[in-house]
Amino acid sequence: MSEISALESRIAVALDRIRQGLETQGQGGDTETSLRAALESERAANAELVVKIQTLKDRQDTLVSELTGRVESQATQMKALDAELQRLRASNAQMRSISTDLRNAVTQGLTPELIDAAVTAEIEALVAQRAAEATEVETILTELKPLIEESSHAPS
């Protein structure tokens, strides 16, 4: 009988160990399940961040391309304005030179060629000045158009 009691106690101890093992494994399963859930949550958050980063990058690329276009447009306008200003300066220099010659001729006697040259130089100077002003106005309008469009699309 004592052997039976010994065997019963050994079986009881073994069953306790099995029960503890199953409980530990069950707890590990809960831990594993919670870890998997946390991992999936982090993966979802990471995917959202990747989408946001891509959206921001696309937005930035769009802005950079728009700004690059505006800079190129302004550079072209500045070249045109510079060309018109150079033409105006040359025309004014010619007009000053002819005016000096005309003053000298007035004191010595007028020649028709000199009067024609003076009037022609003055007309060229006026045309160059108007062209420079038109280019300048065009440049200003080009800069104002986006601002006007933005204000017209802005919520009231």
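Mentor: Let's start with one idea: accessible areas here come from the Shrake-Rupley method with a 1.4 Å probe. With that in hand, the accessible surface of the protein chain comes to about 12,700 Å², and 60% of it belongs to carbon and sulfur atoms. Keep in mind that this is a predicted model.

Trainee: Thanks! How many helices and strands are there in the protein chain?

Mentor: The chain has 2 helices and 0 strands. Helix 1 covers residues 2-108, and helix 2 covers residues 112-153.

Trainee: How do you know whether the protein chain matches a compact globule by its radius of gyration?

Mentor: Set the two values side by side. For 156 residues, a compact globule would have a radius of gyration near 15 Å, but this chain has 45 Å. The chain therefore does not match the globule rule, which is 2.2 Å times the number of residues to the power 0.38. The box tells a similar story: along the principal axes, the C-alpha atoms fill roughly 155 × 35 × 15 Å.

Trainee: What distance separates E8 and E42 in space?

Mentor: Their C-alpha atoms are 50 Å apart, with the two positions 34 residues apart in sequence. For another pair, take R70 and D58: they are 12 residues apart along the chain, and 18 Å separates their C-alpha atoms.

Trainee: Why is E8 called exposed?

Mentor: E8, found in helix 1, has a relative accessible area of 52%. Exposed means over 50%, so E8 earns the word.

Trainee: And R70, what makes it partly exposed?

Mentor: R70 sits in helix 1 too. Its relative accessible area is 40%. That value is not under 20% and not over 50%, so R70 counts as partly exposed.

Trainee: Why does T139 count as buried?

Mentor: T139 has 14% relative accessibility. The cut-off for buried is under 20%, so T139 falls on the buried side. You will find T139 in helix 2. Across the 156 residues of the chain, 10% count as buried.

Trainee: Which backbone oxygen does the side chain of T139 reach?

Mentor: The backbone oxygen of T135, at 2.9 Å. A polar contact needs N or O atoms within 3.5 Å, so that distance meets the cut-off.

Trainee: What makes R43 and E40 a salt bridge?

Mentor: Their closest N and O atoms are 3.1 Å apart. The rule asks for a side-chain nitrogen of Lys or Arg within 4 Å of a carboxyl oxygen of Asp or Glu, so this pair passes. R43 and E40 are 3 residues apart in helix 1, about one turn of the helix. R43 is partly exposed at 48%, and E40 is partly exposed at 45%.

Trainee: How do you know that K57 forms a salt bridge with D61?

Mentor: The closest N and O atoms of K57 and D61 are 3.0 Å apart, so the pair is within 4 Å and counts. Here the spacing in helix 1 is 4 residues, again about one turn of the helix. K57 is partly exposed, with 42%, and D61 is partly exposed, with 38%.

Trainee: Why do the side chains of E84 and R87 count as a salt bridge?

Mentor: The N to O distance is 3.8 Å, and the cut-off is 4 Å, so E84 and R87 qualify. They lie 3 residues apart in helix 1. E84 is buried, with 18%, whereas R87 is partly exposed, with 40%. By this rule the count comes to 6 salt bridges.

Trainee: Which residues form the nonpolar patch on the surface?

Mentor: V106, L110, I115, V119, I123 and V127, with about 510 Å² of accessible area together. Helix 2 gives the most, with 4 residues.

Trainee: What makes I115 partly exposed?

Mentor: I115 lies in helix 2 and has 36% relative accessibility. That is between the 20% and 50% cut-offs, so I115 counts as partly exposed. The value also clears the over 30% that a patch residue needs.

Trainee: One more: among contacts between residues at least 6 apart in sequence, what share join residues at least 24 apart?

Mentor: The share is 76%.

Notes:
Residues are numbered from 1 along each chain as its sequence is written. This is a predicted model: local features need pLDDT of at least 70, side-chain atom pairs count only at pLDDT 80 or more; totals for chains, interfaces and linings use all residues. Side-chain values use heavy atoms; hydrogens and water are left out. Buried means under 20% relative accessible area, exposed over 50%, partly exposed in between (1.4 Å probe, protein chains only). A polar contact is a pair of N or O atoms within 3.5 Å; within protein, one must be able to donate a hydrogen and the other to accept it, and residues adjacent in sequence count only if both atoms are side-chain atoms. Patches are made of residues with over 30% relative accessible area and no salt bridge: like charges are joined within 9 Å, nonpolar side chains (Val, Leu, Ile, Met, Phe, Trp, Tyr) within 5 Å. Contact means heavy atoms within 4.5 Å.
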